[in-house]
Amino acid sequence: ATECVFHIVMRDPEILARDFQLYNLDGVEHSLEATLFDMLSYHGNSGICGVIQDTITFVLRETCLEQPSRMVYQCRRIVTGATAVLPHKRKVEVVVQRKTDDDDMMNDSEEEDAAPEEEVDPAAGKTQAVRWRAKKFAAESLLELITVIQSEGAVHHFDPRAGRKAGEGLVLMLSELAAVAFSCALSEVEELRPFGLKIFTKLIDMYGKTENPDAEGILLVEDFVAQVNWSEP
């Protein structure tokens with residue numbers, strides 16, 4: 001089935017520009033990329049996961065210049081656990097949910113301390129490993145999206161005023177990108193940490209001199225740079 005989806009998308013990339021949706025058994029609406037990321041988070045078969053990753057990468061490359069919010073939303077959802085709609089899409093401020101699998105691991109550790117006699121389920125460890133693999137791929141995907149836009153993106157990805165006028169633009173999603181970078185940099189999984197630094201470096205290279213249109217004399221990146229300094233031990 002995953003190979004069928006991959007070939008359909010390859011044959012008809014314009015399907016991604018349409019409002020193509022899938023539904024789960026509960027009738028909840030999901031985008032194609034959301035369904036693929038969910039499959040990647042719980043499927044342990046390396047062959048199937050490879051096809052899923054190829055499909056996600058193709059979707060990313062086909063949509064990132066015109067609709068970056070689609071993939072940014074999914075990458076943020078997988079890495080941080082946040083499910084709120086991107087702020088510039090709803091025109092209200094959304095607080096990024098900080099609860100992640102890191103929190104789940106800490107809670108699990110506390111429960112084990114409280115009940116040491118309880119046996120550890122080997123399947124749980126395998127599931128956790130699959131989810132960390134999905135997180136790493138999501139971080140890699142987000143870094144690729146930023147890199148593509150950095151080299152090929154139009155002005156609305158760099159100018160906040162142009163981005164607001166277009167209704168899309170990477171520049172409108174700096175807080176979401178920073179949230180993903182924070183989650184990676186502070187992760188208990190060592191393989192995720194370098195992605196935090198790489199994403200922050202990209203953002204500073206791209207927006208380090210861009211002024212905040214709502215605050216004269218203030219740079220866009222100053223908010224999350226201050227957060228980085230505050231979080232340092």
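The expected span of a helix is 1.5 Å times one less than its number of residues, a rule that is applied to helix α10 below.

This is a predicted model, in which local features need pLDDT of at least 70 and side-chain atom pairs count only at pLDDT 80 or more, while totals for chains, interfaces and linings use all residues. Residues are numbered from 1 along each chain as its sequence is written, and side-chain values use heavy atoms, with hydrogens and water left out.

**View 1. The whole protein has 11 helices and 2 strands.** Helices (H or I, at least four residues) and strands (E, at least two) are DSSP runs, numbered from the N terminus. From that end, the elements follow the order α-β-β-α-α-α-α-α-α-α-α-α-α. Of the 233 residues, 42% are buried, meaning under 20% relative accessible area, whereas exposed means over 50% and partly exposed lies in between (1.4 Å probe, protein chains only).

**View 2. Helix α10 covers residues 193-207.** Its 15 residues should span 21 Å at 1.5 Å a residue, and the end C-alpha atoms are 22 Å apart, which agrees. Phe195, Gly196, Ile199, Phe200, Leu203, Met206 and Tyr207 are buried in α10. Seen down the axis, these buried residues fall within an arc of 135° (taken from the directions from the helix axis to the C-beta atoms), so they line one face of the helix. The exposed residues Leu197 and Asp205 sit on the face of α10 turned away from its buried side.

**View 3. Helix α2 meets helix α3.** Among the α2 residues in contact (heavy atoms within 4.5 Å) with α3 are Leu36, Phe37 and Leu40, and the α3 residues that meet α2 include Ile52, Ile56 and Val59.
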